[in-house]
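This report goes through selected features of one protein model, taking backbone geometry, helix packing and aromatic contacts in turn.

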Amino acid sequence: MRVNSKTFGPIKKKSSDQRSDRLSRSCLEQPIILQLQGLFFFFWTNEAVLLLESTSYLRSEEVVVLSLSWRTVWGGGSGFQKMDRQFWSGALEEEEVPAESGVYEDYYSGRGAAMNGHGPGKLVDPLEDPVPGLGTYEDFNTIDWVREKSKDRDRHREITKKSKQSKVALMHSVSDAFSGWLLMLLVGLMSGALAGGIDIAAHWLTDMKDGVCLIGFWFNHEHCCWKSNETTFQDRDSCPQWQSWGELITGTSTGPLAYIMSYLMYIFWALLFSFLAVALVRAFAPYACGSGIPEIKTILSGFIIRGYLGKWTLIVKTITLVLAVSSGLSLGKEGPLVHVACCCANILCHLFTKYRKNEAKRREVLSAAAAVGVSVAFGAPIGGVLFSLEEVSYYFPLKTLWRSFFAALVAAFTLRSINPFGNSRLVLFYVEFHAPWHLVELGPFVLLGIFGGLWGALFIKANIAWCKLRKTTRLGHYPVMEVLVVTALTAVVAYPNSYTRMSGAELISELFNDCSLLDSSQLCGYKQPTNTTAGVGNSLGDRPAGPGLYTALWQLALALIFKMLITVITFGMKVPSGLFIPSMAVGAIAGRLLGIAMEQLAYYNHDWLIFTGWCSPGADCITPGLYAMVGAAACLGGVTRMTVSLVVIMFELTGGLEYIVPLMAATMTSKWVADAFGREGIYEAHIRLNGYPFLEPKEEFECSSLAVDVMRPRRSDPALVVLTQEGMTVGEVEALVEGTRYSGFPVVVSAESQRLVGFILRRDLLISIDNARKRQEGIVSASKVVFSEHCPAQAPDAPPPLRLRGIMDLSPFTVTDHTPMDITVDIFRKLGLRQCLVTHNGRLLGIITKKDILKHMAQIANRDPDSILFN
C-alpha cells in the first residue's frame, strides 16, 4: 500500500514520556506509524518490533505493549484480511490531518470510531481540545485558588520553554512579564483621572446648593471669587460675582425672606441630587450602591459576583457618587473610590490574556487597585498600600506589594497633576501645627481613643440593627423613598448649623486648622489678652475663649449629636456611601471640643502640677487642631479596626509626621476598646449581614471539634453523592447532576470500595457533556462516562465512551476524619480552598466546604447558621 506523505503532513518527534502518555490514554489499539530518514513505513507484522527497539521513539517496555497489542488486533500477523479496506483507503487518501494537531490523536480517534461502527469521528479529550467555558465559575461561587495558581504556573512554564526556541517567542515572553506593570500604569492613570474629576464635580455641585457664579455657572464658589478683583483677604469668602439663591431671587442678601429662600433652595438641590443618585443606581447598576469595600474584600477572598466590577457599575458609581456627596448626606466618597479603582482594574484586565483568563491573577490586580483607591481618595499612596495589605486583601504576595506601590504612585501623580483642590498639594487636609505635643497630653489622647472605640462599637451595632430592619421590613421595599426622607431630614436639620451645612471634608479641614493671627473662623474667636505674647511664627499663645468661640462650641456639640445619629441610618442606603469622612468628622468634633477644654484649662490653671515646667503663661501650650486629628483617627479606627495603615494615612493626610505617637496611642486604644465589645469591624459585619462566604484571616477559631463533626453528610443525612470511575452512562450522570444542587462531585473507584480518585466540578461536567454531544459523533445517553486512565473493553455495537479524566482534579485536598477543625480552618484560609474531602483509611467519608465551616463558626458564636447564603 502506498502512503502519501502529503496526506499526513510532517510528524513531530515527541519525547518518550509524551509518547507513552499519548498511547496509554488511547482507548483502542492502533497501528504504528514511524518516520525513519524522512520516509513513512507501516509495519503489519511482529518483525517490526526489532526495528522499533532500535529507534529513539519508544522505550523497550512500550514496544512490548505495542507488540502484544498487534497480536490482539491483527491476529498474530494474519489478520490483515479482516480489516475494513474501505476505511483504510478513506482514512489514508481523503482525511487531511493538520500538522500541529499530531497524527496520533486524529488518526487514532477515527480508527476507534470506525471500529464502533459510527464512521470516522473524534474522541473529544479536554486536555487536547479545550472546551469553551471549561474552568470558569458560576455567579456567587468561590474560585479554586489552587487550580488557578496551577494554571498560571503551567502557562508561565510553557512561555519560558518556548522563549528559548525563537526570537518571536522571546518577545512574547518579555511582553508577558511586562504586562503586569503596564496594567498597573493604566490602572493608576485611569483611577487618578476619575478621582480628580469626581473631586472637582463634587465641589462644584456642593457649592451650587448655596448659590451660583454669575460670570460662569460652572465655577464653584472659590474659583468664582478667585477671578474677582474686589475680593479682600479678610473677606475672601464673598465677592459680587457669587450670589446666594436668596440674594438672586429676592435681590437682597439679608433678611428673613432671603434666608428662607436660600433654605428652600438648599433642600431642593439636596433632594434633586439624592433622587438622581438613587434613581440611576436602581435603574442601571444596583451594585453601585454602598461603600463597596465589604464586597471587594469578599471578591478578593475568591468569591465571584458577576457585574460588581463591570463597566456599567463604574459609570453609574462615578456619576452617582458625585450626586450623593453633593446632596449633603452624611457620607464620604473615599470608600467608594476603592470600588471605582477596582472597577477600572477589572475592566483593564480584559486587555491582557494573562489576567482575563485567570481569576487568581486578576485578584492580585484588584488588591493593587484597592491601594490605588485609597491613594487617590486621601492623597496617601503609602497608606493606600498598607490599607490594601491590612484591611482588604486576602492574598498579597511580595510582587503585588511592589506593583501596588507603583500603581499608587502613578495615581497620586495623576491626581496631583489635575490639582482638584486648587492648593498645589496632594494631601486633603494639610495642617501645620506650630507647637509640639507633650507627654502629659497622652492622657487626653488615650481618652479620645476610648471615645473612638466606644463610638465604633456603638455605631456597628446600631447600623447593623438598622440594616436588618431595612431588610426584614417594608422599609426595604422603598429605597427611593428612604433616600429622599433621609435627605430631607438631613437638609432641614443641617442648614441652620454652619458646621453641619458644610461638606464633611470642609468640616474636618476647619476642625484640623490651627488658629493664627489672620484666621476669621468662629473656632478662633478668642478674647485678646492684655499681655499678648506671640508664639512661634504667626501663631498665638493660649487665650481666653470669647463669645464667638462659645457659639462655635455649642454648635459643634449639636453637630456631634446630629452626625452620630444620622450616619447610622445613612450608611447602607441605596446610594454610594463611604464611611471614612463621617467617622473622621465625629472624631474630629469630639477632639476639637476636648482640645479647647484642655486649652482653657491650661490658660486658667497654668500653675497646676501637670502644666508646670512646660506651659508658662502666654505660651502656645495646647493645639486644639491636634486633638481633632487624633480624635478623627480614633473614631475611624474604632469603626474599621484599622491600625498601622490608619496611622500612616493620617500623617500622610495631614503632613503631621511629628504626631505619629499620639496617633498610634489613640488608634491602639480605640481598637482595644472596640474589640472588647466585638471583634468585627464595620466591613466584616456587613459581609456577615449579606451572607457572603468570607473567612476572616484575623479571626481566631477556638474549638475542639474534628473534621468528622463538620463534614457532610451527617449521620442523619442521605448518603454522599459520588460518581464512579467507570460504569456510569451519560444519562445517569446527567440525571444525578440535575437531581442535586451540589457544586462538585467526588469520583470514587466504585460504590462498594469508596476509594477516592478525584473531584470534578458541576459546571465543568455539564459543559463537557454538552460539548461532547455536539462535537463527538455517537455520544448518546447510553455512552459510558470514563474517568480512568484506560478505557474498559466494550461490546462491538456499543456507543463510543466519553472520557472526562482531563477535567477532573486528580489531587483534591483531603483530611482525615480525626483532623482538628482549627487546623482545617487554617488550611482553608491559607490555601483558599473551596472544599476539602474527608477520608478514613483511604475511604471517602464526606466533604467540607467553606460554607460548612462558616455555618459551624456561626453556631459556635450563637448566630444563625442559615445566614450564610452563598456557596
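In which loop does Pro 713 lie? Pro 713 is in the loop between α29 and β5 (723-724). The coordinates come from a predicted model. The peptide bond that joins Arg 712 to Pro 713 is cis, with omega of about 0°.

**Backbone with positive phi**

Some residues of the model have a positive phi. Phe 140 is not a glycine, yet its phi is positive, about 60°. The residue belongs to the loop between α6 (103-115) and α7 (145-163). Phe 140 is partly exposed, because its relative accessibility is 27% and the partly exposed class runs between 20% and 50%.

Arg 641, also not a glycine, has a positive phi of about 65°. Its place is the loop between α25 (624-640) and α26 (644-654). With a relative accessible area of 6%, Arg 641 is buried, since buried means under 20%.

Asn 862 has a positive phi of about 60° and comes just after α33. Helix α33 itself covers residues 850-860, and its buried residues are Lys 850, Asp 852, Ile 853, Leu 854, His 856, Met 857 and Ala 858. Among the elements that cover these buried residues are α29 (707-710), α32 (821-831) and β12 (843-849).

**Two helix packings**

Two packed helices are described by the angle between their axes and the distance between the axes. The table gives both values for two pairs.

| Helix pair | Angle between axes | Distance between axes |
|---|---|---|
| α12 (residues 293-300) and α28 (residues 682-690) | about 75° | 8 Å |
| α7 and α16 | about 95° | 7 Å |

How are α12 and α28 oriented to each other, roughly parallel or roughly perpendicular? They are roughly perpendicular, because an angle of 65 to 115 degrees falls in that class. On the α12 side the contact is made by Ile 293, Pro 294, Glu 295, Lys 297 and Thr 298, and on the α28 side by Tyr 683, Glu 684, His 686, Ile 687 and Asn 690. Sorted by class, this contact holds four nonpolar, three polar and three charged residues.

Helices α7 and α16 are roughly perpendicular to each other as well. From α7, Trp 145, Glu 148, Lys 149 and Asp 152 meet Glu 359, Ala 360, Lys 361, Arg 363 and Glu 364 of α16. Which classes make up the contact of α7 with α16? There are two nonpolar and seven charged residues, and no polar ones.

**Arg 363 and Ile 260**

Arg 363 is part of helix α16 (residues 359-378). Is this arginine buried or exposed? Arg 363 has a relative accessible area of 3% and is therefore buried. Apart from neighbours within four places in sequence, Arg 363 is in contact with Ile 143, Trp 145, Ile 299, Leu 300, Gly 302, Phe 303 and Ile 304. One of these, Trp 145, is also among the α7 residues that meet α16.

Ile 260 belongs to helix α11 (residues 256-284). Its relative accessible area is 44%, so Ile 260 is partly exposed. Gly 246 is 14 residues away from Ile 260 along the chain, and the C-alpha atoms of the two are 7.4 Å apart.

**Aromatic rings**

A pair of aromatic rings is described by the distance of the centres and the angle of the planes. How many aromatic pairs are counted in the model? The count is 23, where ring centres within 6.5 Å make a pair. In one pair, Tyr 742 and Phe 745, the ring centres are 6.4 Å apart and the planes are at 80°, so the arrangement is edge-to-face. An angle over 60 degrees is what puts a pair in that class. Tyr 742 is partly exposed at 46% relative accessibility, whereas Phe 745 is buried at 0%.

Trp 204, Phe 217, Trp 218 and Phe 219 form one aromatic cluster.

Charged groups also sit over rings in this model. The charged end of Arg 403 lies over the ring of Trp 181, at 5.5 Å from the ring centre. For Arg 501, the charged end sits over the ring of Tyr 495, and the distance to the ring centre is 4.2 Å.

Definitions and conventions: Residues numbered from 1 in each chain as written. Predicted model: local features only at pLDDT ≥ 70, side-chain atom pairs only at ≥ 80, totals over all residues. Heavy atoms only, no water. Axes fitted to C-alpha atoms, helices over the stretch in contact; angles between N-to-C directions. Helix = DSSP H or I, 4+ residues; strand = E, 2+ residues; numbered from the N terminus. Parallel < 35°, antiparallel > 145°, perpendicular 65-115°, else oblique. Contact = heavy atoms within 4.5 Å. Nonpolar A, V, L, I, M, F, W, Y, C, P; charged D, E, K, R; others polar. Buried < 20%, exposed > 50% of the residue type's maximum accessible area, 1.4 Å probe, protein only. Phe/Tyr/Trp six-rings, centres within 6.5 Å; stacked < 30°, edge-to-face > 60°. Lys NZ or Arg CZ within 6 Å of the ring centre and 35° of its normal.
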